[in-house]
Amino acid sequence: ALLTATATIGAAVVKLTREYTAYADQVRDMTRLTGMGAEASSRMIQVADDLKISYGEMSIALKYMVRQGLDPSISSLAQLSDEYLTLQPGLEQSAFLMEKFGRSGMSMAEMMEQSSAVLLEMNGNIDDNLILTQENVDAAREYEKAMDALQDSWQGVKIAAGTVLIPALASVLDFINNESIPAWKESFKIM
């Protein structure tokens with residue numbers, strides 16, 4: 001029972017650290033893309049998530065905005081939302097989405113269907129537990145570096161062991177192929 005509990009807890013910790021570092025990676029990438037801090041980037045990711053917009057689609061849309069010289073911030077998205085809501089549904093709104101967000105335009109429709117007031121309220125109401133600071137993002141990166149160093153060290157141990165074991169195993173296999181198997185074949189001919 002203790003072994004099962006320990007394994008369960010271990011698996012939960014591994015899952016937690018993977019999810020945390022993956023989220024921290026998204027926040028770090030979003031800060032690079034938008035120039036916003038970690039907290040604002042966390043909020044943007046969470047607003048998109050609440051509107052069922054994947055991080056990938058949001059990232060593509062924001063990159064497109066940057067290429068067009070648009071500020072990829074929640075306030076800019078709020079202003080674009082108000083502009084979108086003045087357009088005729090259908091062709092005008094679809095054209096707007098594609099013009100402002102490129103191939104991710106249709107994914108951004110849900111966000112644009114909100115008003116600026118709603119988007120800014122959503123942004124302000126994100127649970128504090130979902131907001132990473134720069135310190136949190138940096139700590140996650142240090143953890144990733146430490147895990148990579150551990151994996152590199154373990155890989156080095158395996159390669160060093162292989163360097164010693166492979167020639168010995170090759171000799172054993174050569175003996176089996178060249179001596180044992182022919183001897184077995186010969187003994188079966190006698191029978």
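How many residues does helix H2 have, and how far does it reach from its first C-alpha to its last? Helix H2 has 13 residues and reaches 18 Å, close to the 18 Å expected at 1.5 Å a residue. Keep that helix in mind, as we'll come back to it. One thing to know before going on: what you're looking at is a predicted model.

Let's step back and take in the whole protein. It's built from eight helices and zero strands, so if you read along the sequence, the pattern is simply α-α-α-α-α-α-α-α. Now for the overall shape. A compact globule of 191 residues would have a radius of gyration near 16 Å, but this protein has 28 Å. The C-alpha trace spans about 95 × 40 × 35 Å along its principal axes.

What about inside and outside? Buried residues make up 30% of the 191 residues. The accessible surface comes to about 12,200 Å², and 60% of that belongs to carbon and sulfur atoms. As for charge, there are 15 positive and 26 negative side chains, and the centres of these two sets lie 9 Å apart. You can also ask how the chain meets itself: among contacts between residues at least 6 apart in sequence, 70% join residues at least 24 apart.

For one such long-range meeting, go to helix H1, which covers residues 2-34 and contains Ala-24. Ala-24 counts as buried because its relative accessibility is 0%, and the cut-off for buried is under 20%. Ala-24 and Asn-136 are 112 residues apart along the chain, yet their C-alpha atoms are separated by 7.6 Å. Leaving aside neighbours within four places in sequence, Ala-24 is in contact with Leu-132, Val-137 and Ala-140.

Now back to H2, which runs over residues 38-50. Its buried residues are Ala-38, Ser-41, Ser-42, Met-44, Ile-45, Gln-46, Val-47 and Ala-48. When you look at a list like that, it helps to remember that an α-helix has 3.6 residues a turn, so residues three or four places apart point the same way. Try tracing that on the model.

Some of these H2 residues turn up again when you look at Asn-123, which sits in helix H7 (residues 116-124). Asn-123 is buried, with a relative accessible area of 13%. Apart from neighbours within four places in sequence, Asn-123 is in contact with Arg-43, Met-44, Val-47 and Ile-74.

Next, follow the chain out of the end of H2. Just after the helix comes Lys-52, with a positive phi of about 65 degrees, although Lys-52 is not a glycine. This residue is found in the loop between H2 and H3. Is Lys-52 buried or exposed? Lys-52 counts as exposed because its relative accessibility is 75%, and exposed means over 50%.

Ile-53 is found in that loop too, between H2 and helix H3 (55-67). Here the picture flips: Ile-53 has 5% relative accessibility, so it counts as buried. What does Ile-53 touch, not counting residues up to four places away in sequence? The answer is Ala-48, Met-58, Ser-107, Met-108 and Met-111. One of these, Ala-48, you've already met among the buried residues of H2. Ile-53 also lies 9.8 Å from Ser-104, C-alpha to C-alpha, with the two positions 51 residues apart in sequence numbering.

Terms used:
Residues numbered from 1 in each chain as written. Predicted model: local features only at pLDDT ≥ 70, side-chain atom pairs only at ≥ 80, totals over all residues. Heavy atoms only, no water. Helix = DSSP H or I, 4+ residues; strand = E, 2+ residues; numbered from the N terminus. Rg over C-alpha atoms; globule rule 2.2 N^0.38 Å. Buried < 20%, exposed > 50% of the residue type's maximum accessible area, 1.4 Å probe, protein only. Contact = heavy atoms within 4.5 Å. Areas by Shrake-Rupley, 256 points an atom, 1.4 Å probe, with all protein chains shown as cover. Lys, Arg positive; Asp, Glu negative; His and termini not counted. Charge placed at Lys NZ, Arg CZ, Asp CG, Glu CD. Expected span 1.5 Å × (residues − 1).
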